[in-house]
Amino acid sequence: YGFINTCLKSLVVEKYGEETWEKLRLQAGVQDSFLTFEVYKDEITMQLVDKACKVLGVPADIVLREFGKYFFEFCKRSGYDHMLRTLGGNLYEFIENLDALHSYLSLSYQEMNAPSFRVEKNEDGSMHLHYYSDRRGLCHIVPGIIGAAALDFFNIEISMKIVNQTEEEERTGKKEHIVFLVTQTPLYPHKERNEFSSSSQCPVDSEKQIENQLNREDLEKAKNANGDRGNSVCPVRKSHWKTLRGIITLGKGKLLRGFDPVYPKSLWIDTKTFCNGLPFHMVFDKELKVKQAGVSIQKIVPGIQTMGICLDQYFRIIHPEVPFTISSIQKFINSQFVFQTRREMMPESWKERPMLELRGQMMWMEPLQCMLYLCSPLLRTLHELEERQMHIADIAPHDVTRDLILLNQQRLAEMELSNQLERKKEELRILSKHLEEEKKKTEALLYAMLPQHVANQLKEGKRVEAGEFKECTILFSDVVTFTNICAQCEPIQIVLMLNSMYLRFDRLTTVHDVYKVETIGDAYMVVGGVPVPVPTHAERVANFALGMIMAAKGVQNPVSGNPIQIRVGIHTGPVLAGVVGEKMPRYCLFGDTVNIASRMESHGVPSKIHLSSSAYQCLKYKNYEITERGEIEVKGKGKMHTYFLIRNKSATENEIMGRP
């Protein structure tokens, strides 16, 4: 079920982060989220575990053990805390009732294929835990779960090691049978640890000390009581340790001795009343011959009215998956047994109906050498009741199966609603994710057209005021003989050439953190210090210009096949900047600085970076190699003193190009 995969995802995300989960799931080729009540293939979980081992570099047994510990906590957080706590008063009882818990959960998770557990006590206080599963290789989860439960519920630490077991024929159908040796170590509070035990003491010695202590206290109480009565009774010193184990505290300091049941000399119930009062029960001997059966079972399976008929002719054992023999049943006597009727032995009216299943407990009656099977119909919903053409009246009034069917009907309806909500939630999550991706694409496109803070103001519906920048550096570039190239080439060749060139230039704008204003034909315009003023605007643009000259050498002239040549012009000065237009708004620069920068480019030399005197003033003390061009006539500006930027003395070509 999705509950398992969700737990595995939660473990990875919580301990290693979202990125690790994303990497793991992509390698495993599985989806990002799982629905709690949806059934998924086992291969998905196995793939996730396998990839987790590889991605995290951890052996499978450690990953599974950690998963076991986390799964226990995850179940508690998911609302199963009280259910788990009430399974048993000690670890033995807890494990013994795990199959019963799985049986209950199968009412909700109807396709659940749970593992099975059987536990045996040893004389030295240890236990043998038998684990059966259809799934191979997951046994290391068990120590994680049992260890976490023992520590949390019973304050004991346990060690579990796998014992080699050759008895693989105990059960039918189960592919893996692992036997664990479980040893327990109680965790006393600090004071008790000093009082009752030392590092060398074993649990048995501690138990004897406690017993002696309790016996002394018991004798002391007896002496005091006798003193009050005038010493008329002489106290008898004997061990009450076994009785004291079952002491129950009532109110403040009032003690009640352990309970001892009283049985009648003969059974005060007649056979007819017993068979009517327990309509679903059977008694059979060692040869599986039916000795007695409840009236409802007789009604549904008339064949067993013939006393002495063999039970396995009419029923098969569904759970636990063991051979139908008295020895196998005795071995698993603490498990819940599920019987299913055999179709070939049922009356004609049952041929089209689903087979009846019975669930209950086995009780061995030693004096009679017979087995009592106290059971009820295994029915989860009213629909299952109707399918078998049965009625609530067929079930005894005292049998909680009546309530269980009605309550589970409501529970299944709630689950279906929860499942629908979970599906809708997942659909909304996916839609939200897609929307976020589309939003990022839109924002990336918008930020490519406008500065980020300007775009954000426009998105919020605010008016973007024009701003004056007292000093910035503007660059223009164009392709030498572009007009001639256009005259001799196909339009698509021009587009490919410009695209190749602009892709290189665009990458350099990111490397040197300058703002690309626009491109018109072969002209490329960038600015440093706008829209965010920075003191290093001239150096950024200068480094960008050097990178442009290098990058242009990688772009081929479609006419000659040689690298293209570009002219670059740079000028520093004040500008006014603002957003122009509504349909296709552009962030434009205005002022004489723009004109002079354009003139520097148009009066430049191929493969050279032409600087105005103001740009030179910003760069002359910045470790650049610059040569003087001298005075030239500039259209519309008269004579101007200009320079050529040759190289950056402190930066390598790789640094200029933004390469590693």
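# A walk through the model

Okay, let's start at a helix pair: α4 passes α6 in a right-handed crossing, that is, the near helix is turned clockwise from the far one by less than a right angle. Before I go on, a word on where this comes from. This is a predicted model, in which local features need pLDDT of at least 70 and side-chain atom pairs count only at pLDDT 80 or more, while totals for chains, interfaces and linings use all residues. Residues are numbered from 1 along each chain as its sequence is written, and side-chain values use heavy atoms, with hydrogens and water left out.

Back to our pair. Helix α4 covers residues 60-85 and helix α6 covers residues 98-105, and the two pack at about 135° with their axes 12 Å apart. Axes here are lines fitted to C-alpha atoms, for helices over the stretch in contact, and angles run from 0 to 180 degrees between N-to-C directions. At that angle, α4 and α6 are therefore oblique to each other. For the vocabulary: under 35 degrees is roughly parallel, over 145 roughly antiparallel, 65 to 115 roughly perpendicular, and the rest oblique.

So who touches whom? On the α4 side we have Tyr-80, Met-83 and Leu-84, and they meet Leu-101, Tyr-104 and Leu-105 of α6; contact means heavy atoms within 4.5 Å. By class, that contact has six nonpolar residues, no polar and no charged ones. Nonpolar here is Ala, Val, Leu, Ile, Met, Phe, Trp, Tyr, Cys and Pro; charged is Asp, Glu, Lys and Arg; the others, Gly among them, are polar.

Now, α4 has another partner. Helix α1, residues 2-16, packs with α4 at about 110°, axes 10 Å apart. That makes α1 and α4 roughly perpendicular to each other. In this contact, the α1 residues include Phe-3, Ile-4, Leu-8 and Leu-11, and the α4 residues include Phe-67, Tyr-70, Phe-71 and Tyr-80. The full contact of α1 with α4 divides into 11 nonpolar, three polar and four charged residues. And yes, you've met Tyr-80 already: it was in the α6 contact too.

Helix α1 also meets α2. The axes of α1 and helix α2, residues 18-28, come within 7 Å and cross at roughly 135°. Those two are therefore oblique. Lys-9, Val-12, Val-13 and Tyr-16 on α1 meet Glu-18, Thr-20, Trp-21 and Leu-24 on α2, and the classes come out as five nonpolar, one polar and two charged.

Let me zoom out for a second. How many helices and strands are in the chain? There are 22 helices and 20 strands, taken as DSSP runs numbered from the N terminus (helices H or I, at least four residues; strands E, at least two). Of the 660 residues, 41% count as buried, meaning under 20% relative accessible area, with exposed over 50% and partly exposed in between (1.4 Å probe, protein chains only). Among contacts between residues at least 6 apart in sequence, 60% join residues at least 24 apart.

Two methionines next. Met-112 sits in the loop between α6 and β1 (116-121). Is Met-112 buried, exposed or partly exposed? Partly exposed, with a relative accessible area of 27%. Beyond its neighbours within four places in sequence, Met-112 is in contact with Tyr-1, His-102, Leu-105 and Ser-106. Met-112 and Tyr-1 are 111 residues apart in sequence, but 7.3 Å apart C-alpha to C-alpha.

Met-362 lies in strand β11, residues 357-365, and counts as buried at 3% relative accessibility. Outside its neighbours within four places, its contacts include Phe-284, Ile-329, Phe-339 and Tyr-373. Met-362 is 27 residues from Ser-335 in sequence and 8.1 Å from it in space, C-alpha to C-alpha.

Last up, some backbone details. The His-319 to Pro-320 peptide bond is cis, omega near -10°, and Pro-320 is in the loop between β9 (315-319) and α13 (326-331). The Val-530 to Pro-531 bond is cis too, omega near 0°, with Pro-531 in the loop between β15 (523-528) and α19 (537-552).

Then Thr-481: not a glycine, yet it has a positive phi of about 55°. Thr-481 is in the loop between β13 (467-479) and α17 (482-488), and is partly exposed at 44%. Asn-623 is not a glycine either, and has a positive phi of about 70°; look for it in the loop between α21 (613-619) and β19 (624-634).
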